[in-house]
Amino acid sequence: MNTRPDQPLRLGTRRSKLAMSQSGHVADAVRAITGRPVELVEITTYGDVSREHLAQIGGTGVFVTALRDALLRGEVDFAVHSLKDLPTAQPDDLVIAAMPRREDARDALVARDGLTFEQLPDGARIGTGSPRRTAQLNHLALSLGKRIETVPIRGNVDTRIGFVRDGELDAVVLAAAGLNRIGRGDEATDLLSVDNVLPAPGQGALAVECLASDTDLIAALGELDDPFTRAAVTAERSLLAALEAGCSAPVGAFADLLADGQIVNEMRLRGVVGTLDGSTLVQLSTTGPVPQSYDEAMALGRELADEMLAKGAAGLMGERSL
């Protein structure tokens, strides 16, 4: 890190409204910590320009690689990612210096006429580009005695909600965290309980990444780190990695902290894999002491993944076609 106090720190970010908002919040926090100016450097990623559905282009890393390349070339000093976009394998020359406190991890429904999921009519058309959401939404509909049609969509928040406003779709499902970060959380007509729809591993969390050699910057960014968020998303991502699944696979995972009074003493990790039609889900959970280290969090995820694989999860993940 350039130590001149007037030298701006360069923060690499995707160009979308959501990414710019997320990065802006981090930039404000880094300015407060370091007393340094922070400038946003907008970078276009492959995932931003490709019109293919994420399940077809692989999902993993398509929003990340260009930001990481800019870090390695020295064009930016640090970068902000949506953690659910990060591949589970971490490059040796880069480090996630901070995982700030997580936003709402749930999925949000934006439906016509203010409808909740339960109020949607039989045969409702719901837009989502996520196999994970597709599998669980179909399963939830079946449990309510109805069927839905999931329609693959891409695009930013405006584009997706526009499908509902224009009457093309009855509803779309988005990450609640994204809506909240751009000040549009009130447009959600229903927040889907994690008891019914598990989010993507790391959903609602951010990763602040920099060069592993930049020890001064790592120390400064470390002040933004939330240890409970880090423990939770590390366990979730360990589950994903142990299932050998990328972020385009129908895998949901969520770790939450269980408190006894004011004392947080346990972490519960839940995982789900399902067929896209929702007819079959493997959903399991495990509870243990709050991980005190990276290795403990990783072990929690691997243990649950092993149990899920023993229940047939691998066969369900093989069904990738939309």
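Which residue does the side chain of Glu75 meet in a salt bridge? The partner is Arg73, and the N to O distance is 2.7 Å. Bear in mind that this is a predicted model. Of this pair, Arg73 is exposed, at 53% relative accessible area, while Glu75 is partly exposed, at 39%.

**Charged pairs**

Side chains of opposite charge can pair when their charged atoms come close. The structure holds 21 salt bridges, and here are some of them.

| Salt bridge | N to O distance |
|---|---|
| Glu75 and Arg73 | 2.7 Å |
| Arg106 and Asp104 | 2.8 Å |
| Arg133 and Asp107 | 2.8 Å |

Let's take Arg106 next, which pairs with Asp104. With a relative accessibility of 30%, Arg106 counts as partly exposed.

Then there's the bridge between Arg133 and Asp107. Arg133 sits in helix α5 (residues 131-143) and Asp107 in strand β5 (residues 107-111), so this pair ties together parts that are 26 residues apart in sequence. Are these two partners buried or exposed? Arg133 has 5% relative accessibility and counts as buried. Asp107 is buried too, with a relative accessible area of 0%. Elsewhere, salt bridges with shared partners link up into one network, made of Lys17, Asp158, Arg165, Arg184 and Glu187.

**Helix α9 and what it packs against**

Now for a helix. α9 covers residues 227-242, which makes 16 residues. How far apart should its ends be? At 1.5 Å a residue, the helix should span 22 Å, and its end C-alpha atoms are indeed 22 Å apart, so the two values agree.

A good run of α9 is buried: Thr229, then Ala231, Ala232, Val233, Thr234, Ala235, Glu236, Arg237, Ser238, Leu239 and Leu240. That list includes the charged-type residues Glu236 and Arg237 alongside nonpolar ones such as Val233 and Leu239. What do the buried residues of α9 pack against? They pack against β11 (251-260), β12 (263-274) and α10 (294-310). Just after the helix comes Glu244, where phi is positive, near 55 degrees.

**A nonpolar patch on the surface**

Which residues form a nonpolar patch on the surface? They are Phe228, Leu257 and Val264, and together they have about 210 Å² of accessible area. Val264 belongs to strand β12, one of the elements that the buried residues of α9 pack against. Val264 itself is partly exposed, with a relative accessible area of 32%.

Methods. Residues numbered from 1 in each chain as written. Predicted model: local features only at pLDDT ≥ 70, side-chain atom pairs only at ≥ 80, totals over all residues. Heavy atoms only, no water. Helix = DSSP H or I, 4+ residues; strand = E, 2+ residues; numbered from the N terminus. Expected span 1.5 Å × (residues − 1). Buried < 20%, exposed > 50% of the residue type's maximum accessible area, 1.4 Å probe, protein only. Contact = heavy atoms within 4.5 Å. Patch = residues over 30% accessible without salt bridge, like charges linked within 9 Å, V, L, I, M, F, W, Y side chains within 5 Å. Areas by Shrake-Rupley, 256 points an atom, 1.4 Å probe, with all protein chains shown as cover. Salt bridge = Lys/Arg side-chain N within 4 Å of Asp/Glu carboxyl O.
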